[in-house]
Amino acid sequence: MMNNLDDLKKIQELDPTGMLKAEEDFYEQLIEAQNIAKNADLLKLNSCEFKGVAILGMGGSGFSADIIKTLVADEIKVPVEVVKGYDLPAFVGKGWLVVAVSYSGNTEETISALNQAIGRDAYILIECSGGKLKDLAEKSGYSTLNIPSGLQPRGAIGYLFFPVYLAMDTLGLIDIDESDVKEALDLIKEKASIYNRKTLTTANPAKQLAVKIGDRLPIIYGTEGIYSALSYRLKCEINENGKTPCWWNNFSELNHNETVGWERLSGITSSFILIAFRDPEAHQKMKTRIEVTLGQIKSNVAEIVEIPVEGHSKLAKALSAMYLGDIASVYLALLTGVDPTPVVKIESLKAELAKLD
Ligand code: PA5
């Protein structure tokens with residue numbers, strides 16, 4: 001039995017620690033994140049010549065690395081490496097900027113890779129809200145982006161991604177256009193007024209997306225670049241907020257393998273919903289790929305839904321498309337009577353691993 005997403009009292013009961021509020025406050029979070037970047041002391045890193053940038057992080061924190069890598073890909077002149085794991089690749093070392101991102105500041109893979117970077121004499125930037133990383137940054141005097149605590153990492157994406165992205169501009173690695181930032185912020189402000197709990201389902205695309213997913217198994221399709229990062233993000237949000245299994249893939253890679261896999265088990269896949277990001281400004285070849293592929297798969301799934309991509313700049317497109325999926329995943333939890341916040345399996349595993357320290 002599904003809940004009514006317009007029942008504000010029920011929403012409040014199901015979400016006592018405010019995951020939906022964190023989403024509704026995304027615009028304010030981005031504004032505060034801008035101030036964190038503006039006031040950060042990056043003097044130690046200023047005027048360094050970086051050979052490359054490695055961004056370390058897992059899960060909700062690691063997503064900031066994915067989105068930054070795709071956002072800067074068209075202009076950055078040095079390699080950007082995303083490290084999601086215990087070990088740094090051998091080529092990351094002296095002369096590289098290593099950015100360790102961990103919301104809690106306690107994620108063991110991130111700390112392990114950071115320690116390797118310190119051992120190799122890389123330039124270090126830390127972003128966290130507390131924990132071991134904060135202690136390390138204070139003791140060792142590393143440049144730090146201190147972000148507010150008290151949220152779930154996935155609900156703190158504005159704090160996690162924006163200061164690092166803006167710091168890369170300050171450090172001369174990229175040149176962010178002020179007007180792109182303004183466009184993105186204006187669009188998020190407008191979307192926040194539409195996606196928030198008070199807007200009824202009939203006029204709220206985020207609630208509508210959650211209702212469409214309902215008890216269907218979602219598959220997310222993106223395209224290489226930002227929509228790859230966003231597809232993975234949406235899959236993780238549906239997993240963690242919605243407590244729902246979900247898988248993802250990318251055009252054009254999926255055209256070389258996955259499409260064939262839809263040929264069997266249509267009795268099972270008929271309860272799947274396919275969610276695709278569609279950028280109206282995509283290359284014509286990509287548009288055709290998507291068109292043809294969705295046509296091939298249509299009869300194997302219950303429904304195909306498109307996430308509309310709005311805005312002109314890459315930043316505005318990325319943030320607004322991500323926002324719709326993020327908040328829809330919270331509504332999915334509320335629709336199905338689940339508290340979006342707890343991530344019991346993640347925490348119990350971390351506790352088991354901590355016993356080995
Ligand atoms: O959403 C979550 O809780 C996880 O994906 C965490 O972000 C992940 O386990 C890493 O923790 P942290 O973000 O604190 O480094």
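A polar contact here means a pair of N or O atoms within 3.5 Å. Keep that cut-off in mind. This is a predicted model, and I'll start at the ligand.

Take Tyr103. A backbone N or O atom of Tyr103 lies 3.5 Å from a ligand oxygen. That pair therefore counts as a polar contact, since the cut-off is within 3.5 Å. Next, Ser104. Here a polar side-chain atom comes to 2.6 Å from an oxygen atom of the ligand. Then Lys350. An N or O atom in the Lys350 side chain is 2.7 Å from an oxygen atom of the ligand. How much of the ligand's accessible area does the protein cover? The ligand has 370 Å² on its own, and the protein covers 93% of that.

Where does the ligand sit? It sits in the largest pocket.

Now the residues around it. From the 50s and 60s of the chain we have Met58, Gly59, Gly60 and Ser61. Then come Ser102, Tyr103, Ser104 and Thr107. The list continues with Pro153, Arg154, Glu240 and Lys350. By class, three of the shell residues are nonpolar, six are polar and three are charged. Which element gives the largest share of the shell? Helix α4, residues 59-72, with three residues.

Let's step back to the whole chain. The protein chain has 14 helices and nine strands. Its radius of gyration is 20 Å, close to the 21 Å that the globule rule gives for 357 residues, so the chain is as compact as a globular protein of that length. Along the principal axes, the C-alpha atoms fill a box of roughly 55 × 45 × 45 Å.

Last, two backbone details. First some background. Most residues other than glycine have a negative phi, and most peptide bonds are trans.

Ser47 is not a glycine, yet it has a positive phi of about 55 degrees. Where is Ser47? In the loop between α3 (26-39) and β1 (52-56).

The other detail is a peptide bond. From Phe251 to Ser252 the bond is cis, with omega near 0 degrees. Ser252 is in the loop between β7 (247-251) and α11 (266-269).

To recap. The ligand is in the largest pocket, and Tyr103, through its backbone, lies 3.5 Å from a ligand oxygen. Ser104 reaches a ligand oxygen at 2.6 Å, and Lys350 does so at 2.7 Å.

Key
Residues are numbered from 1 along each chain as its sequence is written. This is a predicted model: local features need pLDDT of at least 70, side-chain atom pairs count only at pLDDT 80 or more; totals for chains, interfaces and linings use all residues. Side-chain values use heavy atoms; hydrogens and water are left out. A residue is near a molecule or strand if one of its heavy atoms lies within 4 Å of it. A polar contact is a pair of N or O atoms within 3.5 Å; within protein, one must be able to donate a hydrogen and the other to accept it, and residues adjacent in sequence count only if both atoms are side-chain atoms. Accessible areas come from the Shrake-Rupley method with a 1.4 Å probe; for residues, only the protein chains shown count as cover. On a 1 Å grid over the protein atoms alone, a cavity is a set of points where a 1.4 Å probe fits but cannot get out, and a pocket is an open set with protein on both sides within 12 Å along at least five of seven lines; lining residues have an atom within 4 Å of a point. A molecule sits in a cavity or pocket if more than half of its atoms lie within 2 Å of its grid points. Helices (H or I, at least four residues) and strands (E, at least two) are DSSP runs, numbered from the N terminus. Ala, Val, Leu, Ile, Met, Phe, Trp, Tyr, Cys and Pro count as nonpolar, Asp, Glu, Lys and Arg as charged, and the others, Gly among them, as polar. The radius of gyration is taken over C-alpha atoms; the globule rule is 2.2 Å times the number of residues to the power 0.38.
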